[in-house]
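Visitor: I have just opened this one and don't know my way around yet. Can you walk me through it?

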Amino acid sequence: MLLLGSGIKGISIQKMSEEIAAMLNVTENSLLLENLEKIKGVGKSRALAIAAAIELGRRKNCHLRAVIKQPPDIIPYIKHYSIEPKEHFVCISLNGAHEIIQIHVTSIGTQNKTLVHPREIFSTAVKENAAAIILCHNHPSGNCEPSAQDIETTGILCEGSKLLGITVLDHIIIAGDSYFSFAEHKLLLK
């Protein structure tokens, strides 16, 4: 209803919204605009606004339920952080089947460091009933090798995870087109 703004003479905004929602459930993406425009009161600009909102939602949630079996599987969902000019620390929560529940930015720092605390990392994972997490942060410098601080922080977070029963599957550092996986380099504490 917010996208539509108002109804038209003889058709309330609620009735129009219900028709659109019903049509969305049975329409293929290739026919979306055509079918939206068939609904009385939905012209080209309203159809485009609705299609744009649907596409934005699809892109924002494309990672949900993706299965992560190995470090490269997560890269497409976090790669966009590699171009950020400040360090972003990200926590990816996963269920018992290692499907992505959600991706959260837990901290934004400066050009070469960010403050990370177990409380912020695990609070969301606990709320989401996550069985595991993957940690990630970017290095704006372009060098994805871990610093001594990165290694120390990862160790602290792995220790905290044991107390909560949430497995840290990996800590990935991304920079440009490359990444460093703590799991691949056997740097995670078990």
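Visitor: Which residues of α1 are buried?
Guide: M16, S17, I20 and M23 are the buried residues of α1. Keep in mind that this is a predicted model.

Visitor: How are those buried residues placed around the axis of α1?
Guide: Looking down the axis, the buried residues of α1 fall within an arc of 125°, so they line one face of the helix.

Visitor: What span should α1 have, and how far apart are its end C-alpha atoms?
Guide: Helix α1 covers residues 13–24, which is 12 residues. At 1.5 Å a residue, they should span 16 Å. The end C-alpha atoms of α1 are 16 Å apart, which agrees.

Visitor: On to α5. Which residues are buried there?
Guide: Helix α5 takes in residues 118–127, and I121, F122 and A125 are buried in it. They cover an arc of only 75° around the axis, which puts them on the same side of α5.

Visitor: What do the buried residues of α5 pack against?
Guide: Three strands and a helix: β1 (88–94), β2 (100–108), β3 (132–138) and α6 (148–164).

Visitor: And which exposed residues are on the face turned away?
Guide: R119 and K127. That face of α5 points away from its buried side.

Visitor: What comes just after α5?
Guide: N129, with a positive phi of about 55°.

Visitor: Which other residues have a positive phi?
Guide: H98 is one of them, with phi near 60°. H98 sits in the loop between β1 and β2. K186 is another, with phi near 55°, and K186 belongs to the segment after β5 (178–181). Neither H98 nor K186 is a glycine.

Visitor: Why does that deserve a mention?
Guide: Because most residues other than glycine have a negative phi.

Visitor: Is H98 buried, exposed or partly exposed?
Guide: H98 counts as partly exposed, because its relative accessibility is 28%. K186 is exposed, with a relative accessible area of 74%.

Visitor: Now α6. What should its span be?
Guide: With 17 residues at 1.5 Å each, α6 should span 24 Å. Its end C-alpha atoms are 25 Å apart, which agrees.

Visitor: Which residues of α6 are buried?
Guide: D150, T153, T154, G155, L157, C158, G160 and S161.

Visitor: What covers the buried residues of α6?
Guide: The cover includes β1, α5, β3 and β4 (167–175). Just after α6 comes G165, with a positive phi of about 75°.

Visitor: Any pockets? How much space lies in the largest one?
Guide: About 320 Å³. It has 18 lining residues, and the closest to its centre are T114, V116, Q149, D150 and T153.

Visitor: What gives the most to that lining?
Guide: α6 does, with five residues.

Visitor: How does the lining divide by type?
Guide: Six of the lining residues are nonpolar, nine are polar and three are charged.

Visitor: Let's pick a single residue. Where is H171?
Guide: H171 is in strand β4. It counts as buried, because its relative accessibility is 1%.

Visitor: What does H171 touch?
Guide: Leaving out residues up to four places away in sequence, H171 touches F89, L135, C136, H137, D150, T154, F180, S181, F182 and L188. D150 is 21 residues from H171 along the chain, and their C-alpha atoms are separated by 9.3 Å.

Visitor: F89 is on that list. Where does F89 lie?
Guide: In strand β1. F89 counts as buried, at 2% relative accessibility.

Visitor: What does F89 touch?
Guide: Its contacts beyond four places in sequence are H104, V105, T106, S107, T114, V116, I121, L135, C136, H137, L157 and H171. Among them is I121, one of the buried residues of α5. Another is L157, which is buried in α6.

Visitor: How far is F89 from H139?
Guide: They are 50 residues apart along the chain, and their C-alpha atoms are separated by 10.0 Å.

Visitor: Last one. Where is N143 found?
Guide: In the loop between β3 and α6. N143 is partly exposed, with a relative accessible area of 44%. N143 and A52 are 91 residues apart in sequence, and C-alpha to C-alpha they are 36 Å apart in space.

Key:
Residues numbered from 1 in each chain as written. Predicted model: local features only at pLDDT ≥ 70, side-chain atom pairs only at ≥ 80, totals over all residues. Heavy atoms only, no water. Buried < 20%, exposed > 50% of the residue type's maximum accessible area, 1.4 Å probe, protein only. Helix = DSSP H or I, 4+ residues; strand = E, 2+ residues; numbered from the N terminus. Arc of directions from axis to C-beta. Contact = heavy atoms within 4.5 Å. 1 Å grid on protein atoms, 1.4 Å probe; cavity = no way out; pocket = protein on both sides within 12 Å on 5 of 7 lines; lining within 4 Å. Points joined across faces, edges and corners; volume = space filled by probe spheres on them. Nonpolar A, V, L, I, M, F, W, Y, C, P; charged D, E, K, R; others polar. Expected span 1.5 Å × (residues − 1).
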